[in-house]
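Dear colleague,

I am passing on the structure we spoke about, with the sequence alongside. Please open it before you read on, since my notes below are meant to be followed with the model in view.

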Amino acid sequence: MADATAARAATATADSSMLDRIKGYGRSAAAVAAHLSTLKTDSDRILQRVLLHAGASFLMKTHQPEAVRLVAGLPRKWPRHDCHGNLDQVLATAPPFDGRGLLLADVMGLGKTVECLLGALLRKAVARARGDAGANLPTVIVAPNDAVLTQWREHLLQGIVDGPK
């Protein structure tokens with residue numbers, strides 16, 4: 001257990017110099033490095049850095065990385081390496097998307113809205129990095145009622161993702 005904690009701390013320390021170059025996180029590098037040390041795996045820590053680099057301002061909770069990958073159509077353990085800190089390269093070398101859709105369902109309060117928004121952001125960032133023709137297509141959000149649509153809009157306005165709201 002101590003070895004795992006030491007490894008996370010070492011990864012967070014190594015990441016801190018690179019965090020200064022990540023755009024859009026709106027937090028101190030030390031706060032992001034501390035958050036990265038709470039994530040379970042190196043893949044999860046790299047994924048968080050990639051999301052911040054892509055414009056996300058939300059820090060994933062420990063249970064969220066798997067769902068974000070699922071929504072984005074990426075494998076469970078992606079990314080396996082950080083391309084020596086080149087996060088654009090991590091995005092550009094992502095494997096082809098698998099699947100055409102999904103149903104993400106869980107009990108209230110676990111962050112499905114955030115997982116979906118981050119997954120959509122990740123999918124667009126990968127497509128943009130690869131130069132895919134569909135990279136600039138809009139993401140369509142279908143909601144069952146105004147209350148749910150309002151919740152999604154509020155999450156966007158709270159800054160889960162930087163950019164036009």
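**Around helix α4**

Among the elements that cover the buried residues of α4 are α3 and α6. Please keep in mind throughout that this is a predicted model. Six of the eight residues of α4 are buried, so this helix is largely enclosed by the rest of the structure; the buried ones are Pro65, Ala67, Val68, Arg69, Val71 and Ala72. Just after α4 comes Gly73, which takes a positive phi of about 80 degrees.

**The chain as a whole**

The secondary structure comes to seven helices and zero strands, and from the N terminus on the elements run α-α-α-α-α-α-α. The chain has 165 residues, of which 39% are buried. Among contacts with a separation of 6 or more, 64% are accounted for by residues 24 or more positions apart. The accessible surface of the chain comes to about 9,400 Å², and 57% of that surface belongs to carbon and sulfur atoms.

**Helix α3**

How many of the 13 residues of α3 are buried? The count is 11 of the 13, so α3, too, is largely enclosed by the rest of the structure. Those buried residues include charged and polar side chains as well as nonpolar ones, among them Asp44, Arg45, Gln48 and Arg49 together with Ile46, Leu47, Val50 and Leu51. At 1.5 Å a residue, the helix should span 18 Å, and its end C-alpha atoms are 18 Å apart, which agrees. After α3 comes Gly55, whose phi is positive, near 120 degrees.

Ser43, which lies in α3, counts as buried because its relative accessibility is 11%, and the cut-off for buried is under 20%. The side chain of Ser43 reaches the backbone oxygen of Pro79 at 2.8 Å. Leaving aside neighbours within four places in sequence, Ser43 is in contact with Arg69, Lys77, Trp78, Pro79 and Arg80.

**The nonpolar cores**

The largest nonpolar core holds 22 residues, and those that touch the most other members are Val50, Leu51, Trp78, Leu118 and Leu122. At least two residues of this core are supplied by each of α3 (42–54), α4 (65–72), α5 (87–92) and α6 (112–130), and the largest share, six residues, comes from α6. If you would like one residue from which to explore this core, you might select Leu122, which, leaving aside neighbours within four places in sequence, is in contact with Leu47, Val50, Leu51, Val68, Ala72, Leu74, Trp78 and Leu91. Apart from this core lies another, of five residues, among them Leu36, Leu39, Leu52 and Leu59.

**Salt bridges**

The structure holds five salt bridges, and I describe some of them here.

Asp44 forms a salt bridge with Arg69, with the closest N and O atoms 2.9 Å apart. Asp44 lies in helix α3 and Arg69 in helix α4, so the pair ties together parts that are 25 residues apart in sequence. Are these two partners buried or exposed? Asp44 counts as buried at 8% relative accessibility, and Arg69 is buried as well, with a relative accessible area of 2%.

Arg49 forms a salt bridge with Asp82, and here the closest N and O atoms are 3.0 Å apart. This pair links distant parts of the chain, since Arg49 is in helix α3 and Asp82 is in the loop between α4 and α5, 33 residues apart. Arg49 counts as buried, at 2% relative accessibility.

The side chains of Arg76 and Glu66 also meet in a salt bridge, at 2.5 Å from N to O. Arg76 lies in the loop between α4 and α5 and Glu66 in helix α4, so the pair ties together parts that are 10 residues apart in sequence. Arg76 counts as exposed, at 60% relative accessibility, whereas Glu66 is partly exposed, with a relative accessible area of 43%.

With best wishes

Key:
Residues are numbered from 1 along each chain as its sequence is written. This is a predicted model: local features need pLDDT of at least 70, side-chain atom pairs count only at pLDDT 80 or more; totals for chains, interfaces and linings use all residues. Side-chain values use heavy atoms; hydrogens and water are left out. A nonpolar core is a set of buried Ala, Val, Leu, Ile, Met, Phe, Trp, Tyr and Cys residues joined through side-chain atoms within 4.5 Å. Buried means under 20% relative accessible area, exposed over 50%, partly exposed in between (1.4 Å probe, protein chains only). Helices (H or I, at least four residues) and strands (E, at least two) are DSSP runs, numbered from the N terminus. Contact means heavy atoms within 4.5 Å. A polar contact is a pair of N or O atoms within 3.5 Å; within protein, one must be able to donate a hydrogen and the other to accept it, and residues adjacent in sequence count only if both atoms are side-chain atoms. A salt bridge is a side-chain nitrogen of Lys or Arg within 4 Å of a carboxyl oxygen of Asp or Glu. The expected span of a helix is 1.5 Å times one less than its number of residues. Accessible areas come from the Shrake-Rupley method with a 1.4 Å probe; for residues, only the protein chains shown count as cover.
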